[in-house]
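Student: Please give me a close look at strand pairing in this structure. I should then like the account to pass, in one connected answer, to the packing and the enclosed and open spaces.

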Amino acid sequence: MNSLNTSATWRALAAKSAEFKAPDFSLNALFAQGERYANFSLAREDLLLDYSKNLLDAETRTLLIQLAEERRLKQAIQAMFAGEIINKTEQRPAHHVALRLPEEQQTNGEVSATLRKMSALVEKIHTGDWTGHSGRQIETVINIGIGGSDLGPAMVVEALRSECLPSLTVQFVSNVDPIHMQQMLERSNPETTLFIVASKSFTTAETLANANYARRWLLKSGCAADCLNRHFVAVSSNVNSALAFGIAEENIYPMWDWVGGRYSLWSAIGLPIALAIGMDKFRQLLAGAHSMDQHFATAEFSENMPVVMGLLSVWYRGFFDTDSFAVVPYSQSLDKLPDFLQQLSMESLGKRVTRDGEPLPVNSGAVIWGTPGTNGQHSYFQLLHQGTCVIPVDFIAVANSNADDAAEQHEQLLANCLAQSLALMEGRENSAEPHRSSPGSRPSNTLILKALSPSALGSLLALFEHQVFVQSVIWDINAFDQWGVELGKTLAKEMLQALGDEAERADLDASSQGLIAQLKRWQGTA
């Protein structure tokens, strides 16, 4: 593939970007031309994207779509949906979209069988047929995982809390810090707690440390070793290691190498979601994602939500030196969404070489961050409005609240969301008091969901997944590996040995040796 930044289209976009950087440019002026909202917004079922408040005009959009065509985006989408090996460094497909196919279209028998197996467990837990070692019904489920085995399920369960069954509490432990597990167990009863050990490899150090902590807790509380199977299930592709841990084979749910961790909530990694909201609503989550999949695969680029959002990210990253993007949900239920999107985007796009191993000629992934909106208004929004850096924002709002008797308060929430996007666009000039001035013309998208239902959430998450994929295709990088993460894991194992054995420290750098020495002094083990 030709170098991105030498193409005629890239050079035309670079020239076009100068218009939006001119001192006299104003987003307000674009709105004054009329029909801007109609021309720069898209609706898909119960989801609306308004991208009219961006540094963008029709000519820019045409150039960006031309760039996507030149970078063979349509062919890349087809390859992903066909299950071709697009994760070249690991020689794997990235076929998570297959997990969301309707049952009548599903051609992978293992996927169908896993959904049936999940359904059976969910029914047993919900009806009380599955009991703990003392014969009492399961009341608490604790998912032990990290990364994609934690962030996705935890985010969805929190987002759909109003849909959760009141008879079952679903919690998540990820941090290897023993305080995390200790605090969770202090609120749990060993007779009525089920643990899900979620680890694709079943070698993830943090997850195994927490799983062993849970196992010791059960044994100390009086659970016999041969009854531990009443309290453990696993989701893993490494059946032998799960068996060695002591989990019964019938309690092990499969994972496949063609599903990356950050795309795995749609698989058996979503078991805590299904337990929390029920299998029917879990299938609604899948259906919502599949609907967005179909939109992404078939819609013209100018009408394609993920394509438009992905191209906007490329536009700002490539031509406006944008180093970070904020995701600001005006919904407390979506509190964990920015964390989930942070992994999805930064683990996928944090690459510095092309798929052929050549150095990237342009900037790739940026920092993704955010919090619920009204909290952010009283902290970092100051920088968004008046800081020297331009940070594009994705505002997310929900038209109808799941809260009871709170219509007026929900309107207040929505007013804040709309006002903040307007303030970023319009700004305010005050020549007499410059410290009060805001420059305006700061870009944002606004996404509105009709309601925070399983289906709408599934559609929203698939939208962001595909937005990330679009960027990876334009930049010609592999969105589905994470070798930088693997390096850290390897060095952590070596450092653990050095912490425990002084002889292992001799070859470490001076900083690591000094830090370990101080730790040992304060631990009283020097």
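Tutor: In this predicted model, strand E1 (residues 41-44) and strand E2 (residues 47-50) run antiparallel to each other and are joined by four bridges. Strands here are DSSP runs of E with at least two residues, helices are runs of H or I with at least four, and both are numbered from the N terminus; two strands pair if DSSP finds at least two bridges between them. Residues are numbered from 1 along each chain as its sequence is written, and side-chain values use heavy atoms, without hydrogens and water. Local features need pLDDT of at least 70 and side-chain atom pairs count only at pLDDT 80 or more, whereas totals for chains, interfaces and linings use all residues.

E1 and E2 make a hairpin with two residues between them. Within the turn, Glu 45 has a positive phi of about 50°. Across the hairpin, Arg 44 faces Leu 47 of E2. E2 also pairs with E11, again in the antiparallel sense and over four bridges, and there Leu 49 stands opposite Leu 447 of E11.

A further set of strands is parallel: five of them form an open sheet in the order E4-E3-E5-E6-E7. Strand E4 (169-173) and strand E7 (252-253) are its edges, each with a single partner strand, so one side of each has no neighbour in the sheet. Inside this order, strand E3 (residues 140-144) and strand E5 (residues 193-198) share five bridges in the parallel sense, and Ile 144 lies opposite Val 197 in E5.

Two helices lie across this sheet. Helix H8 (residues 178-186) crosses E3, E4 and E5, at about 165° to E4. Helix H9 (residues 205-220) crosses E3, E4, E5 and strand E6 (232-235), at about 160° to E5. The axes are lines fitted to C-alpha atoms, for helices over the stretch in contact, and the angles run from 0 to 180 degrees between N-to-C directions; contact means heavy atoms within 4.5 Å.

Helix packing can be followed in another pair. Helix H6 (residues 109-127) and helix H12 (residues 279-298) pack at about 145°, and their axes are 10 Å apart. H6 brings Leu 115, Met 118, Ser 119 and Val 122 to the contact, and H12 brings Met 279, Phe 282, Arg 283 and Leu 286. These residues comprise six nonpolar, one polar and one charged. In this classification Ala, Val, Leu, Ile, Met, Phe, Trp, Tyr, Cys and Pro are nonpolar, Asp, Glu, Lys and Arg are charged, and the others, Gly among them, are polar.

H9 returns in the lining of the largest pocket, to which H9, H14 and helix H19 (483-500) each give two or more residues. This pocket has a volume of about 1200 Å³. On a 1 Å grid over the protein atoms alone, a pocket is an open set of points with protein on both sides within 12 Å along at least five of seven lines, a cavity is a set where a 1.4 Å probe fits but cannot get out, and lining residues have an atom within 4 Å of a point. Points are joined across faces, edges and corners, and a volume is the space filled by probe spheres set on them. Of the 43 lining residues, Ile 146, Thr 204, Val 485, Glu 486 and Lys 489 are the closest to the centre of the largest pocket. H19 contributes the most to that lining, with eight residues. By class, the lining divides into 17 nonpolar, 16 polar and 10 charged residues.

The enclosed spaces bring E11 back into view. There are three cavities of 30 Å³ or more, and the largest holds about 270 Å³ of space. Among the elements that give two or more residues to its lining are strand E11 (444-451), helix H13 (305-319) and helix H18 (454-475). Its lining has 15 nonpolar, eight polar and two charged residues. The second largest cavity, of about 60 Å³, has Tyr 51, Leu 56 and Arg 61 among its lining residues. Helix H4 (58-70) and H13 each supply at least two residues of that lining, which has eight nonpolar, no polar and one charged residues.
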